[in-house]
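I opened this structure to look up how its helices and sheets are put together. My notes follow in the order I looked.

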Amino acid sequence: MHSDGRELLLEVQGLTTVFRTEEGTTTAVDGIDFYIQRGETLGIVGESGSGKSVTALSLMRLLQSPPAHIEQGKVLLYPQAATPVDLLQLSEPEMRRRRGNELSMIFQEPMTSLNPVLRCGEQVAEVFRLHRGMPKAAARAAVMDIFRKVRLPEPERIYSAFPHQISGGQKQRVMIAMALACHPALLIADEPTTALDVSVQKSILELINELRQELGTSVLFITHDLGVIAEIADRVLVMHQGKIVEQGRVADIFHRPQHPYTQGLLACRPPLHYKMRRLPVVADFLQMQTDANEEDFATHIARLRIPAAETQARIAELQQQQPLLQVTDLKTWFPARKTWLGSTTEYIKAVDGVSFEVYPGETLGLVGESGCGKTTLGRTILRLTEATAGQISFDEQDLLCLSEKALQPLRREMQIIFQDPYASLNPRATIGRAIVEPMQVHRIGENDRERRDRALELLATVGLEAKHYDRYPHEFSGGQRQRICIARALALNPRFVVCDEAVSALDVSVQAQVLNLLMELREKHQLTYIFISHDLSVVKLMSDRMMVMNAGKIVEYGQAEAIYSNPQSDYTRRLIAAIPGTF
């Protein structure tokens, strides 16, 4: 029993995990100590590479050896009314028996965690058959029961569906059902909401919390976002470079962070109540003295704030110009159902009668949940998806009336940065080639030498080095890959850029660096952005004005500050309420 009277469930002593490769030994987890009590939620927070996931996989003994090796330490599990067991000393068959029964895990990406060729229900039923020895009919009934418990709509349909046939939030609920099937004492959740909308994320966090209380399960919740931790955890550990640099109750860490790294993680989240010239990043705080007091923390933030009057003056100045882009009654519909003769009887109205304008140098934010039509609208504006009806005027030319050949000169002026930088880069082409190729297509530069020099200049602009020119995408981190995609978008000297969820896949700290870069480039090159995201706090930081989109329509449109402080639609109010960490 611990000092506050709660029973211990798990105790980690001096855990050290290393990776041994031809290039040397990397210490991923460096002698950490912590405990988890029965019925509590412990959060682990830190950037990618801090050791969070390796810690979880070490506890579950799921690391591949070699190259991974647990060098030392103990992981003591305290079964009720029994002596503690060191999980690191168990045989593999015994450890396999305890996985699922006593401790289980939800992974970050449900699509890669679920078998794509097995139906969802069968994958969960397998847990009941394996660990509980249930016959097929009883296992199916148990799956239906737990599907209802995790609030999956139409359990019968989802039982028979393959993973690709259900949404991301539903896939994550299937994973939660699978993990909780045998009522484990400890549930390890490794970044389970990172790829989800804020509203879906909120529902998943509420679900995990309700199930924890109902089943008495302890939760080890891993994330890079302290805002998410505020929603769900009782205590939190902050990890940096394999070590625990700070720990305590969530309220204490939020209001009185002691370590510069924790201060940086808190500060790099976009603020909700004011705008900033740039977001603070973790490096800013690590450069401060380690005994930085609360005044230093507050002063650093205050210096970066933009007065409200300055924001108003900027918007008024922008709107005195002729719009660069005007969209009028735009519709993009996709056939949903056809008759046997081939005529369409029903449409998916992805974009349904949308009108707005964007001024030179402005950032117009576009926010909404997955499926609301944001990405389709961005792609339609660029003629990457064909419109059904309406008008798109760019620099007083109607894009929808132009042939593909006539459109080519304007393609240089309009670029896009996609959500997934890895998927939008050719894995077999060096990043130098990726940046030079659009210049070759549009005949920018006199020769290859001139184009290479321009590419090297662009790499420097986005914070990368000349030595990176001949490397391949897999050799870079997610944040670096997104910088490469930004450099490629700038290669043609565009005036207008669509940023389609350009930071949603990144850690909050890396996200802050990329957002700062986009703001710097906007000022330096006089760029105009449409900034698309499901995260209203990020859109509010970046945007002069914003649009809120739902079911293909714009439900709210105006100045970003005004929409946040006084939302007119229930949908916008729900998006604001879903932002995590409004502690």
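Before the first pair of helices I wrote down one cut-off: an angle under 35 degrees counts as roughly parallel. I also noted that this is a predicted model.

**Entry 1: helices α7 and α8**

I looked up helix α7 (residues 168-180) and helix α8 (residues 198-215), which pack at an angle of about 15°. Their axes are 11 Å apart. By the cut-off above, α7 and α8 are therefore roughly parallel to each other. The crossing of α7 with α8 is right-handed. On the α7 side, I listed Gly169, Gln172, Arg173, Ile176 and Leu180 as the residues that make the contact. On the α8 side, the list is Val200, Ser203, Ile204, Leu207, Ile208, Leu211 and Leu215. Sorted by class, the contact of α7 with α8 has eight nonpolar, three polar and one charged residues.

**Entry 2: helices α17 and α19**

Next I looked up helix α17 (residues 431-441) and helix α19 (residues 478-490). Their axes lie 8 Å apart and make an angle of about 25°. That makes α17 roughly parallel to α19. This crossing, of α17 and α19, is right-handed. From α17, the contact takes in Ile431, Ala434, Ile435 and Pro438. From α19, Ile484, Ala487 and Arg488 take part. I sorted the contact of α17 with α19 into six nonpolar, no polar and one charged residues.

**Entry 3: the sheet of four strands**

I then traced an open sheet of four strands, in the order β14-β13-β16-β17, and found antiparallel pairing. Why do β14 and β17 each have one side without a neighbour in the sheet? β14 (344-358) and β17 (397-398) stand at the edges with a single partner strand each, so one side of each is left free of a neighbour in the sheet.

I followed β13 to both of its partners. With β14, β13 pairs in the antiparallel sense over 11 bridges. In this pairing Phe334 stands opposite Ile348 of β14. β13 and β14 also form a hairpin with five residues between them. In the turn, Gly342 has a positive phi of about 100°. With β16 (residues 389-394), strand β13 (residues 325-338) is joined by five bridges, and the two run antiparallel. One bridge partner I looked up was that of Val327, which is Ile392 in β16. Helix α15 (residues 374-381) lies across β13, β14 and β16 and runs at about 115° to β13.

**Entry 4: aromatic pairs**

How many aromatic pairs does a search of the whole structure find? It finds two. One of them is Trp333 with Tyr347, a tilted pair with 5.5 Å centre to centre and 50° between the planes. Trp333 lies in strand β13 and Tyr347 in strand β14, so the pair ties together parts that are 14 residues apart in sequence.

**Entry 5: the sheet of six strands**

Last, I traced an open sheet of six strands, ordered β18-β19-β20-β15-β21-β22, with mixed pairing. Its edge strands are β18 (414-417) and β22 (553-559), and each pairs on one side only. From one strand to the next the twist averages 15°. Strand β15 (residues 363-367) and strand β20 (residues 528-533) run parallel and are joined by five bridges. Leu366 has Ile532 of β20 as its bridge partner. α15 turned up here too: α15 lies across β15, β18, β19, β20 and β21, and runs at about 155° to β20. Helix α23 (residues 570-577) packs on the sheet and touches β15, β21 and β22. The direction of α23 makes about 105° with that of β21.

How values were computed: Residues numbered from 1 in each chain as written. Predicted model: local features only at pLDDT ≥ 70, side-chain atom pairs only at ≥ 80, totals over all residues. Heavy atoms only, no water. Axes fitted to C-alpha atoms, helices over the stretch in contact; angles between N-to-C directions. Parallel < 35°, antiparallel > 145°, perpendicular 65-115°, else oblique. Left-handed = near helix turned anticlockwise from the far one by under 90°. Contact = heavy atoms within 4.5 Å. Nonpolar A, V, L, I, M, F, W, Y, C, P; charged D, E, K, R; others polar. Pairing = 2+ DSSP bridges. Phe/Tyr/Trp six-rings, centres within 6.5 Å; stacked < 30°, edge-to-face > 60°.
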